[in-house]
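Hi everyone, thanks for squeezing me in. I'll put the model up, and then we can walk through a few bits of it.

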Amino acid sequence: TNKVFIPEVFFTNDCLTGEDVVKSTRVLGDLDGVFQDKEAYGKMNKEQAVYHVSSYLPVLENTPGGLFMGITTLYPGKVGQEYFMTKGHFHSNSDRAEFYWGVEGEGFLILMDERRNVWAERMFPGSLHYIPGKVAHRVANTGYQKLVFSACWPSDAGHDYATIADAGFARRLVDVNGVPTLV
Ligand code: M6P
Ligand code: ZN
């Protein structure tokens, strides 16, 4: 049996070989324009890793009916008062849904619908989050250790980063006197 180790998960099914695992890293320099405090961002080391994603892609991107799975490791940190977070995205096929679940560490899943209503769900080991279609999603690490979460999404969902790059999320998760607060 193949045993493939991608961060915290052992795949023991013969169908799951390591060849389909794609690993990527986002450093601070990849997140230009994402954080509010430009001055704080400007002073930070752009080579610093913010998160790693290991994606298991058993079928080709855009295949209808398949599923993808990913494990994201998001480091603790802040840019000014804003917590380290993922870029966040809508799906290109906008009605596609997704599951996120917490594996390690503490944080929040930040969600925004098409009317730009924003809300957040606390993430912790074992937390489960259903992200409906047409809802943008990003994760912030509010703790002092790494935050690890898994995701499962349809293979024809795709990533729409442009909408977030243009208009951002309507609210941000910041540290207000030590308390994570949506502002
Ligand atoms: C999860 C999934 C992936 C996504 C990753 C990082 O693992 O939703 O599809 O790529 O998080 O999030 P983002 O792409 O927004 O940086
Ligand atoms: Zn998604």
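I'll start with the sheet, then go to one of its ends, and finish on a serine. Just so we're clear, this is a predicted model.

Okay, the sheet. We have an open sheet of 6 strands, and if you read across, the order goes 3-4-5-13-8-11, with antiparallel pairing. At the edges sit strand 3, residues 21-27, and strand 11, residues 128-131, and each of those pairs on one side only. As you step from one strand to the next, the twist averages 20°.

Now let's look at the strand 11 end. Strand 11 is joined to strand 8, residues 98-104, by 4 bridges, and the two run antiparallel. To get your bearings there, find E98: facing it across in strand 11 is I131.

While we're here, look at L128, which is also in strand 11. Buried or exposed? It counts as exposed, because its relative accessibility is 58% and the cut-off for exposed is over 50%. L128 also has company: together with F99 and Y130 it makes a nonpolar surface patch of about 330 Å².

Right, over to the serine, S55. You'll find S55 in strand 4, which covers residues 49-56. S55 has a relative accessible area of 12%, so it is buried, since buried means under 20%. And what is S55 in contact with, leaving aside its neighbours within four places in sequence? The list is D20, V21, V22, M69, G70 and W153.

That's my tour, so over to you for comments.

Key:
Residues numbered from 1 in each chain as written. Chains lettered and ligands numbered in written order. Predicted model: local features only at pLDDT ≥ 70, side-chain atom pairs only at ≥ 80, totals over all residues. Heavy atoms only, no water. Buried < 20%, exposed > 50% of the residue type's maximum accessible area, 1.4 Å probe, protein only. Contact = heavy atoms within 4.5 Å. Pairing = 2+ DSSP bridges. Axes fitted to C-alpha atoms, helices over the stretch in contact; angles between N-to-C directions. Patch = residues over 30% accessible without salt bridge, like charges linked within 9 Å, V, L, I, M, F, W, Y side chains within 5 Å. Areas by Shrake-Rupley, 256 points an atom, 1.4 Å probe, with all protein chains shown as cover. Salt bridge = Lys/Arg side-chain N within 4 Å of Asp/Glu carboxyl O.
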